[in-house]
Structure formats: C-alpha cells, structure tokens
Amino acid sequence: MPCLLESTEAIRLQYDLAKDEMINKYLHKTISPESLYKDSHKGLKIFRETGEGSLIDKILVLPCISKNKTEFYAYNSFSAIINRGKCMRQA
C-alpha cells in the first residue's frame, strides 16, 4: 500500500494535520473513515496495476475524517504521477 509522498498546504489545512502527520503515512488511514478502507484497498490495487482509477483526475465530495476523528464531507481530487516508471498518486 503506497504512502503519501507530498501534500499541499490546502489539504493539510482541510484536515488540520501538520505535514509530518501526513507524509509517509497511509492516506486512506489518515483521512478516510474506517468504513471506506476496504474500497480504498480495492481501488489502490487497481491503480498500482494499471495507473488508472475511478478517482483519478476527478473532483469528488467524499466522506473524510479529521484529526479528532470527526467525520465530514470534503472536496477531494487525486492525480496520477509517473515517477521512475511507477504510478503514484497525489492528493
């Protein structure tokens, strides 16, 4: 399962997280409710194999979880990046 390599200031403010609380952490465990973990694993497996996914290059309103574990809905976008021949994602 890939870890988040970079995050924007906007996403850190949205989730009330410092950069070191996000970088090298599993994104789905950092900002997604537990109820979505299974779907996250399924989607990330497809993304790692193909470089494509249902969330890539779309703006979606998704359930999220804040640092204090409060669930809320937020606009999210994910991009695919190719680095050294490997597919990566950016939130």
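Student: Which residues does N76 touch, not counting residues up to four places away in sequence?
Tutor: A word first: this is a predicted model, where local features need pLDDT (the predictor's confidence in each residue, from 0 to 100) of at least 70, side-chain atom pairs count only at pLDDT 80 or more, and totals for chains, interfaces and linings use all residues. Residues are numbered from 1 along each chain as its sequence is written, and side-chain values use heavy atoms, leaving out hydrogens and water. With contact meaning heavy atoms within 4.5 Å, N76 touches Y15, I31, K58, I59, L60, L62 and C64.

Student: Is N76 buried or exposed?
Tutor: N76 sits in strand β2, which covers residues 71–77. Its relative accessible area is 6%, and under 20% counts as buried, over 50% as exposed and in between as partly exposed (1.4 Å probe, protein chains only). So N76 is buried.

Student: Which residue's backbone oxygen does the side chain of N76 reach?
Tutor: Look along strand β2, where N76 lies. The side chain of N76 comes to 2.8 Å from a backbone oxygen. That oxygen belongs to A74.

Student: Which residue forms a salt bridge with E21?
Tutor: A salt bridge here is a side-chain nitrogen of Lys or Arg within 4 Å of a carboxyl oxygen of Asp or Glu, and the structure holds 2 of them. In the one with E21, the closest N and O atoms are 3.6 Å apart. E21 is partly exposed at 30% relative accessible area, and its partner is partly exposed too, at 44%. That partner is K67.

Student: How many residues apart in sequence are the parts that E21 and K67 tie together?
Tutor: E21 forms a salt bridge with K67. E21 lies in helix α2 (residues 19–22), while K67 is in the loop between β1 (59–65) and β2, so the pair ties together parts separated in sequence by 46 residues.

Student: Which helix holds both E49 and K45?
Tutor: These two form a salt bridge, with their closest N and O atoms 2.9 Å apart. E49 is exposed at 56% relative accessible area, whereas K45 is partly exposed at 45%. They stand 4 residues apart, about one turn of the helix, and both lie in α4 (residues 37–50).

Student: Which residues make the nonpolar surface patch of about 530 Å²?
Tutor: A nonpolar patch joins Val, Leu, Ile, Met, Phe, Trp or Tyr side chains within 5 Å, from residues with over 30% relative accessible area and no salt bridge. Here β1 and β2 each supply at least two of its residues. One member, Y75, is found in strand β2 and is exposed at 63% relative accessible area. The full set is I59, V61, Y73 and Y75.

Student: What pattern does the chain follow along the sequence?
Tutor: Helices (H or I, at least four residues) and strands (E, at least two) are DSSP runs, numbered from the N terminus. The chain has 4 helices and 4 strands, and buried residues make up 31% of its 91 residues. Read along the sequence, the pattern is α-α-α-α-β-β-β-β.

Student: Which element has the lowest mean pLDDT?
Tutor: Over the chain, the mean pLDDT is 78, and 82% of residues reach 70 or more. Among the elements, β1 has the highest mean at 89. The lowest, at 55, belongs to strand β4 (residues 86–90).

How values were computed
A polar contact is a pair of N or O atoms within 3.5 Å; within protein, one must be able to donate a hydrogen and the other to accept it, and residues adjacent in sequence count only if both atoms are side-chain atoms. Patches are made of residues with over 30% relative accessible area and no salt bridge: like charges are joined within 9 Å, nonpolar side chains (Val, Leu, Ile, Met, Phe, Trp, Tyr) within 5 Å. Accessible areas come from the Shrake-Rupley method with a 1.4 Å probe; for residues, only the protein chains shown count as cover.
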